[in-house]
Amino acid sequence: MIVYEGKAVFEGIAIGKLSVYKKNEETVKREKVEDVEAEVARYASAREEAVEQLQALYEKAVKEVGEASAEIFEVHQMVVDDDDFVESVEGIIRTQGVNAEYAVAETGDNFKKMFEEMEDEYFRGRAADIKDISERIVRILQGNGGEGIASDEPVIVVADDLAPSETVQMDKDKILSFVTVHGSANSHTSILAKTMNIPAVITCPIPLTEEVDGKEAVVDGFEGKIYVEPTPEVLAEKQKLLQTELEKKALLEELKGKENVTLDGQKINLYANIGNTKDLGLVLKNDAGGIGLFRSEFIYLGSSDYPTEDEQFAIYKQVAETLAGKKVIIRTLDIGADKQADYFQLPAEENPAMGLRAIRICLTRPEVFKTQLRAILRASAFGKVSIMFPMIISVDEVKEIQGILAEVKAELDGEGIAYDKNIETGIMIETPASVIMAEELAKEVDFFSIGTNDLTQYTLAIDRQNQSLDKFYDSHHPAILKMLKMVVDAAHKYGKWAGICGELGADLTLTKEFLAMGFDELSVSPGRILPIRKIVRETDVSAYKAGK
Ligand code: PEP
Ligand code: MG
């Protein structure tokens, strides 16, 4: 047995096989080959396998997201067999006498550049597809043809670090736990683990090699340890712990269907945070009162091109219908910083967290923003949808957004398309500027939802992605707690409601404090809803305030 220790970011026990996550970015070396025709044949069989993989992906996507969204995989299959692409690869192999991996990577780069330089926006958008396809063929040639997790049974995923665009593509049913060598406690991988209610350990010096790949292991998300090939004693002890966990969860089941009301009658809404439609099962299973944060950017991260209005509409409609009249707050595109999609072609930045991200992208690319707003508005005819805007810093910004929203509504009116005319609009409070301007902002919107992840980062001047700063990232900092109170008070002064959708909202040690501050809503990972409900129902808010 070997024990590795890291930092636990979500508690729980997982027992299963380790699977080292294969990054897509294997380096490609240029190597001379003796037999060029054998190399050309190796390329031909890799192409065949790529087409098979893409066909399987197409079929999976049709089932999960529908025909329209799945089409991209059909297009990819065509590109694999595109004559110009194939001729270029074969030409490089034959004329330079080099390996197929190099020839494919080189052709991929050349074609990508060529598409990027085209006038037509549609063709420019295809550049990212070319990259995806050439990387797929290279992975197959390198004998690394899997889609990240090469296993049919659920596994413990071990990786160097995981980008949101990688986690979004993973088959969530196959993941028991995440273990990463790098990563910060506030990264989206940690958030994903919380959403999935599975243990996660970060900054763990585990080797990403055969030494652990495929081995039996236990992840203890309480102590932040990974036991590789555990002794029978350790295994038995952890199995017992796992059993206790399951029993605790079963006890929480009894709280389903019960109200979120304190002993002295104060009510609070407990909503769920989701990243995509696959999380809907968890929302229903955990008896959420609604969705308080739908991170819509995950739709963009999961695509290889801008999702169309119809594709987005289908997703938002599905969420609205599934929630059957319960509130669904869709946050508009919050891309940038750690959430990157190649086709946006965002410039490299010195300080991405303070860069072109979220609402700033929407306001500089109104066509992208309007497409999303149209899709959300159309979906609002099928349930109770609200729109929320991220990263707001000023009243002027909100006025500009409302202006764009009004234009989109007028367009829909002109086309006779139905939507909820009274759709609620709100903003995320996640910059210190928005806290200071909360009273003025409260006059412009229907609600506030506090993004404590970013608010903490910007208030304490601590990059949430920087793992070496985790010990300084104090989300209980008095400045943050004071800001929370300022925001609720400002909202209530103007008759608006206020909630928290950042990770702090799920901090059980603060539930009583949030009730005392007067929050109307907490939006948390689905698995946190019942534990919070338990505390709410056991709290006497006036006694708590008196005892402070
Ligand atoms: C936040 O910043 O608290 C938030 C909820 O948004 P995200 O974590 O997606 O940036
Ligand atoms: Mg945020």
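A polar contact is a pair of N or O atoms within 3.5 Å; within protein, one atom must be able to donate a hydrogen and the other to accept it, and residues adjacent in sequence count only if both atoms are side-chain atoms.

The model is predicted: local features need pLDDT of at least 70, side-chain atom pairs count only at pLDDT 80 or more, and totals for chains, interfaces and linings use all residues. Residues are numbered from 1 along each chain as its sequence is written, chains are lettered from A and ligands numbered from 1 in the order in which they are written, and side-chain values use heavy atoms, with hydrogens and water left out.

**Exercise 1.** Determine how far a polar side-chain atom of glutamate 430 lies from an oxygen atom of ligand 1.

*Solution.*
1. The distance from glutamate 430 is 2.9 Å.
2. For arginine 295, a side-chain N or O atom is 2.8 Å from an oxygen atom of ligand 1.
3. For aspartate 454, the corresponding distance is 3.0 Å.

**Exercise 2.** Explain which parts of the chain the salt bridge between arginine 331 and glutamate 297 ties together.

*Solution.*
1. A salt bridge is a side-chain nitrogen of Lys or Arg within 4 Å of a carboxyl oxygen of Asp or Glu; here the N to O distance is 2.5 Å.
2. Arginine 331 lies in strand 11 and glutamate 297 in helix 11, so the pair joins parts 34 residues apart in sequence. Helices (H or I, at least four residues) and strands (E, at least two) are DSSP runs, numbered from the N terminus.
3. Aspartate 334 also forms a salt bridge with arginine 331, at 3.3 Å.
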